[in-house]
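This briefing gathers the computed features of one protein model, grouped by topic. Please read it alongside the sequence and the structure shown here.

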Amino acid sequence: MGIILRRSFAVALAAALVCTSSVAFAGRHRSFGGGGFASNGTFGLGIELGEPSGLNGKYFYQPDKAIDFGLGWVYHHYYGGDGFHLYVDHLWHPTTLVRAEAFQMPFYIGVGGRIWNFDCGGCNDHANAIGVRVPFGISFDFNNVPLDVYIQLVFVADVFINYPGHGFGPGLDGNVGIRFWFD
């Protein structure tokens with residue numbers, strides 16, 4: 001899985017370098033009026049590293065509301081071993097912490113769900129968890145290039161399936177990511 005992440009990061013970085021032309025992104029810059037956040041794009045894809053690591057996407061259906069989703073891998077998690085992770089969150093961006101010519105820095109919070117299939121070390125092959133996620137974080141939404149970088153923490157509460165001795169478990173995940181915006 002490590003080589004896939006490295007290649008995905010290389011592709012995202014190459015795309016970012018190719019797409020730095022100011023002509024291509026002349027319409028990206030938004031108005032600085034008001035205190036709320038208005039996204040510079042509608043749909044973005046990228047990579048995230050941490051818990052989980054993998055591919056991430058975000059779709060703004062209103063200027064300050066988005067659906068965030070990810071598909072990836074969790075490494076040596078607090079309850080078990082490595083495993084496949086899938087999540088979907090609804091995010092609200094209630095305020096902008098910093099508004100500058102080069103970028104906006106919105107604060108966001110959300111609620112969502114996840115499915116996690118992992119190596120439980122000693123149980124029958126793999127275990128599964130279905131959980132609730134409550135992410136919060138900040139994003140550096142660049143105004144003149146189609147990129148954002150984010151850092152977030154996510155409170156999770158999982159219900160474990162076929163994991164002996166575990167029925168429910170709270171936790172805290174964290175990751176950083178970068179996304180390229182297509183619109």
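Trp92 belongs to strand β4, which spans residues 83-99, and the model in which it is placed is a predicted one. With a relative accessible area of 35%, Trp92 is partly exposed, because partly exposed covers the range between under 20% and over 50%. The points below begin with the surface patch to which Trp92 contributes and then turn to salt bridges, a cavity and one further residue.

**Nonpolar surface patch**
- Trp92, Ile109, Val111, Val132, Val134, Leu153, Phe155 and Leu172 together make a nonpolar patch of about 650 Å² on the surface.
- Two or more residues of this nonpolar patch come from each of β5 (103-119), β6 (126-142) and β7 (147-161).

**Salt bridges**
- The structure contains 6 salt bridges, and one of them joins Asp68 to Arg179, with the closest N and O atoms 3.5 Å apart.
- That pair connects distant parts of the chain, since Asp68 sits in strand β3 (residues 65-74) and Arg179 in strand β8 (residues 168-181), 111 residues apart; both Asp68 and Arg179 are buried.
- Asp89 and Arg133 also meet through their side chains in a salt bridge, at 2.8 Å from N to O, and this pair links strand β4, which holds Asp89, with strand β6, which holds Arg133, across 44 residues.
- Asp89 counts as buried at 1% relative accessibility, and Arg133 likewise counts as buried at 1%.
- A further salt bridge brings together the side chains of Arg114 and Asp158, at 2.4 Å from N to O; Arg114 lies in strand β5 and Asp158 in strand β7, so the pair ties together parts that are 44 residues apart in sequence.
- Arg114 and Asp158 are both buried.
- Through salt bridges that share partners, Asp68, Asp148 and Arg179 are joined into one network.

**Second largest cavity**
- Of cavities measuring 30 Å³ or more, the structure holds 2, and the second largest cavity encloses about 30 Å³ of space.
- The lining of the second largest cavity consists of Phe37, Lys58, Phe60, His93, Pro106, Ser139, Asp141, Asp148 and Trp181, which divide into 4 nonpolar, 2 polar and 3 charged residues.
- At least two residues of this lining are supplied by each of β2 (53-62) and β6.

**Tyr61**
- Tyr61 is found in strand β2 and is partly exposed, with a relative accessible area of 37%.
- The C-alpha atoms of Tyr61 and Phe43 are separated by 9.1 Å, while the two residues stand 18 residues apart along the chain.

Technical notes
Residues are numbered from 1 along each chain as its sequence is written. This is a predicted model: local features need pLDDT of at least 70, side-chain atom pairs count only at pLDDT 80 or more; totals for chains, interfaces and linings use all residues. Side-chain values use heavy atoms; hydrogens and water are left out. Patches are made of residues with over 30% relative accessible area and no salt bridge: like charges are joined within 9 Å, nonpolar side chains (Val, Leu, Ile, Met, Phe, Trp, Tyr) within 5 Å. Accessible areas come from the Shrake-Rupley method with a 1.4 Å probe; for residues, only the protein chains shown count as cover. A salt bridge is a side-chain nitrogen of Lys or Arg within 4 Å of a carboxyl oxygen of Asp or Glu. Helices (H or I, at least four residues) and strands (E, at least two) are DSSP runs, numbered from the N terminus. Buried means under 20% relative accessible area, exposed over 50%, partly exposed in between (1.4 Å probe, protein chains only). On a 1 Å grid over the protein atoms alone, a cavity is a set of points where a 1.4 Å probe fits but cannot get out, and a pocket is an open set with protein on both sides within 12 Å along at least five of seven lines; lining residues have an atom within 4 Å of a point. Grid points are joined across faces, edges and corners, and a volume is the space filled by probe spheres set on the points. Ala, Val, Leu, Ile, Met, Phe, Trp, Tyr, Cys and Pro count as nonpolar, Asp, Glu, Lys and Arg as charged, and the others, Gly among them, as polar.
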